[in-house]
Amino acid sequence: MSALLFYSEQDPAELWSAELQSALPSDIRVRIYPDLGDPTDVEYVLCWQPKAGLLASFPNLKLILSLAAGFDHVLQDPDRPVHVPIVRIIDDTLSTMMSEYAVYAVLGFHRFMPQFQSDQSNKIWKKRWPNFTPDTHIGVLGIGAIGSDVAYKLRGLGFQVHGWSRNPKQLEGISCHAGKDGLFEMLPQCQQIVVVLPLTSETRGIVNKETLAALPEGAFITNIGRGGHVVDEDLLAALDSGHIGGAFLDVFNQEPLPADHSYWDHPKVIMTPHVAGEIVPRSCARSIAANIERYRRGEPLDGIADIERGY
Ligand code: NDP
Ligand code: OXD
């Protein structure tokens with residue numbers, strides 16, 4: 001008997017169970033945590049934030065399937081069996097959702113929506129002269145599977161789009177920059193930035209005093225990567241000083257965000273509870289099953305995690 005264990009405290013287990021069971025080869029049974037059955041059957045674990053020690057309890061584990069585009073949450077388990085490969089999700093539906101969110105946030109700032117909302121609540125009738133789209137530069141930090149889709153969609157709306165990556169890249173119609181020098185060459189040109197990076201030792205705290213200061217006065221920030229990309233005190237100070245005009249945040253250093261955190265009622269912060277992109281079972285169950293079949297045939301997998309690199 002071969003089994004796939006599903007573990008997530010926040011995803012709809014019943015939906016996943018049905019979609020996975022119909023997509024997987026018929027000899028693989030889906031089990032939903034805490035129904036482990038015989039732990040020696042478990043060859044695959046599909047998980048979001050697995051609790052410490054869970055993965056190590058399956059002696060025949062072959063693949064750890066991250067229920068996310070990132071796999072930073074799996075690396076947090078100190079007992080993770082390091083010999084077992086981790087696979088992350090790469091999915092068009094997820095990229096589309098992330099791009100919808102980024103486009104919404106960027107357009108909202110671009111068209112002064114937070115200010116108009118505040119004016120409305122104070123019954124203020126005040127026009128604001130719009131920004132000219134072709135003169136507006138947006139920097140996308142992270143132009144991988146998701147960030148490149150975000151960049152192209154913003155480009156399609158007529159913005160000047162810049163992309164930042166670790167290695168030099170070429171994306172049609174996008175001004176690409178790489179490495180630390182590339183970041184500081186890009187930031188001063190951008191009225192807005194969108195962070196779509198994975199969380200690694202190199203990208204943790206990338207939105208900090210120094211990078212914020214490199215942005216032009218009044219720039220806006222959208223973070224849909226990970227909360228750990230932002231040094232919260234530095235962002236709050238830049239918002240309070242007026243150097244940063246506003247922040248649209250989906251992800252936080254601590255989730256759920258503690259009730260006493262300054263972001264909750266900061267007038268320049270718009271926040272959502274880590275919902276920019278969801279892993280939709282109908283779309284992703286098939287790609288997960290396809291990866292398992294590739295694994296069984298000894299073929300290369302899609303989205304294999306490079307642990308050394310961190311993404
Ligand atoms: P990819 O691995 O496909 O792309 C990562 C991008 O980041 C690449 O362009 C990579 O550069 C770049 N990058 C990585 N490290 C650095 C660095 N040190 N300096 C500069 N650039 C760097 O990831 P995805 O696009 O699939 O996902 C990105 C992240 O989005 C996920 O890891 C996750 O954190 C977040 N996410 C958040 C969601 C949400 O709901 N808020 C949902 C889904 C994802 P290069 O091209 O050179 O390799
Ligand atoms: C992801 C996420 O990484 O949902 O996919 O944050």
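In the predicted model, ligand 1 is surrounded by 30 residues, of which Arg88, Ile146, Asn167, Glu202 and Tyr311 approach it most closely. By class, this shell comprises 14 nonpolar, 10 polar and 6 charged residues. Polar contacts to the ligand involve both backbone and side-chain atoms. A nitrogen atom of ligand 1 lies 3.0 Å from a backbone N or O atom of arginine 166. In the side chain of glutamate 202, an N or O atom is placed 2.9 Å from a nitrogen atom of ligand 1. The side chain of tyrosine 311 likewise contributes an N or O atom, here 2.6 Å from an oxygen atom of the ligand. Taken on its own, ligand 1 has 940 Å² of accessible area, and the protein covers 93% of it. Two secondary-structure elements, helix 3 (92-110) and strand 7 (160-165), each supply two or more residues to the shell.

The surroundings of ligand 1 also bear on the domain organisation. The chain is divided into domain 1, which is made up of two segments (2-91 + 279-297), and domain 2 (92-271). Each of these domains gives at least three residues to the shell around ligand 1. A distance of 32 Å separates the C-alpha centres of domain 1 and domain 2. Across the boundary, 12 residues of domain 1 make contact with 9 residues of domain 2. The area buried between the two domains is about 760 Å², and carbon and sulfur atoms account for 56% of it. On the side of domain 1, Asp72, Asp91 and Val280 provide 56% of the area buried against domain 2, a share greater than that of any other three residues.

A second ligand is present in the model. Ligand 2 is enclosed by Ala68, Ala69, Gly70, Arg226, His274, Gly277 and Ile279. The shell consists of 3 nonpolar, 3 polar and 1 charged residues. Oxygen atoms of ligand 2 take part in polar contacts with the backbone and with a side chain. A backbone N or O atom of alanine 69 is found 2.6 Å from an oxygen atom of the ligand, and the corresponding distance for a backbone N or O atom of glycine 70 is 3.0 Å. Histidine 274 instead uses a polar side-chain atom, which lies 2.6 Å from an oxygen atom of ligand 2. Of the 210 Å² of accessible area that ligand 2 has on its own, 86% is covered by the protein.

Several backbone features were also identified. Most peptide bonds are trans, and most residues other than glycine have a negative phi. Against this background, the peptide bond from tyrosine 33 to proline 34 is cis, with omega near 10°. Proline 34 is located in the loop between strand 2 (28-32) and strand 3 (42-47). Another cis peptide bond links glutamate 255 to proline 256, with an omega of about -5°. The position of proline 256 is in the loop that runs between strand 11 (244-249) and strand 12 (269-271). Lysine 123, although not a glycine, adopts a positive phi of about 50°. This lysine 123 is likewise a loop residue, placed between helix 4 (113-121) and strand 6 (137-141).

Technical notes:
Residues are numbered from 1 along each chain as its sequence is written. Chains are lettered from A and ligands numbered from 1 in the order in which they are written. This is a predicted model: local features need pLDDT of at least 70, side-chain atom pairs count only at pLDDT 80 or more; totals for chains, interfaces and linings use all residues. Side-chain values use heavy atoms; hydrogens and water are left out. A residue is near a molecule or strand if one of its heavy atoms lies within 4 Å of it. A polar contact is a pair of N or O atoms within 3.5 Å; within protein, one must be able to donate a hydrogen and the other to accept it, and residues adjacent in sequence count only if both atoms are side-chain atoms. Accessible areas come from the Shrake-Rupley method with a 1.4 Å probe; for residues, only the protein chains shown count as cover. Helices (H or I, at least four residues) and strands (E, at least two) are DSSP runs, numbered from the N terminus. Ala, Val, Leu, Ile, Met, Phe, Trp, Tyr, Cys and Pro count as nonpolar, Asp, Glu, Lys and Arg as charged, and the others, Gly among them, as polar. Domain bounds come from an automatic or database domain assignment. Contact means heavy atoms within 4.5 Å. Buried area is the accessible area (1.4 Å probe) that two parts lose on being put together, summed over both.
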